[in-house]
Amino acid sequence: MMERFVVGKDEKRRRWTNAGWGALFSAVMVVAVSFGHQQDPERYSSFLFWSVASIVTTLNLVNLIFLLRYLRAIGDHCLEVLPGKLRFLTAGKCSELEFEQVTALRLFRRRGELRHIQLLLRNNRGIRLEGYQDLERLAQCLQDALPGKQMS
């Protein structure tokens, strides 16, 4: 039986919120340096102001580019749990992970809520699954599909 999971709207909203907090924090930094420059121009030089302003602006633009790229990629992304394998479908491309490659399944909770799932592979790499709608059901499907694997 195939189960299909997509990235939820809550995850998209959380990512936008985090980007907004980053931009707000950056603006506060620029205002603080600007205020310091007004109060003590020798200690807070205009070079410091322009350096901080240009760095935080550049970093926020890069963050926005990565966020938009992520949102575009997950727009048509889904995860399918099939008998014996896990299929990732993104932008018309398909990749599959055979469950025999998985050595352990780890569930990470915060305040009782499942935050993400990590699949540990034989090659000591991990796959982190987060942001999917109904993550609890995904965890249960993976636990059922991976009998006898180490759970933590």
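Helix α1 covers residues 9–39, and its 31 residues, at 1.5 Å a residue, should span 45 Å; the end C-alpha atoms are 45 Å apart, so expectation and geometry agree. The model behind these values is a predicted one.

Helix α1 also offers a pleasant starting point for looking at burial. Its buried residues are Glu11, Ala19, Ser26, Val30, Val33 and Gly36. The partner against which these buried residues pack is helix α2, residues 46–74.

Ala27 is another residue of helix α1. With a relative accessibility of 37%, Ala27 counts as partly exposed, because that class lies between the 20% limit for buried and the 50% limit for exposed residues. Ala27 and Val56 are separated by 29 residues in sequence, while their C-alpha atoms are 8.2 Å apart in space.

Attention now turns to the surface. Trp16, Leu61, Leu64 and Leu68 together make a nonpolar surface patch of about 370 Å². Helix α2 supplies the largest share of this patch, with three residues. Leu64, one of the patch residues, has its place in helix α2. The relative accessibility of Leu64 is 33%, and Leu64 therefore counts as partly exposed. This value also fits the patch itself, because patch residues need over 30% relative accessible area.

Taken together, helix α2 appears in two settings: the buried residues of α1 pack against it, and the largest share of the nonpolar patch comes from it.

Methods
Residues are numbered from 1 along each chain as its sequence is written. This is a predicted model: local features need pLDDT of at least 70, side-chain atom pairs count only at pLDDT 80 or more; totals for chains, interfaces and linings use all residues. Side-chain values use heavy atoms; hydrogens and water are left out. Helices (H or I, at least four residues) and strands (E, at least two) are DSSP runs, numbered from the N terminus. The expected span of a helix is 1.5 Å times one less than its number of residues. Buried means under 20% relative accessible area, exposed over 50%, partly exposed in between (1.4 Å probe, protein chains only). Contact means heavy atoms within 4.5 Å. Patches are made of residues with over 30% relative accessible area and no salt bridge: like charges are joined within 9 Å, nonpolar side chains (Val, Leu, Ile, Met, Phe, Trp, Tyr) within 5 Å. Accessible areas come from the Shrake-Rupley method with a 1.4 Å probe; for residues, only the protein chains shown count as cover. A salt bridge is a side-chain nitrogen of Lys or Arg within 4 Å of a carboxyl oxygen of Asp or Glu.
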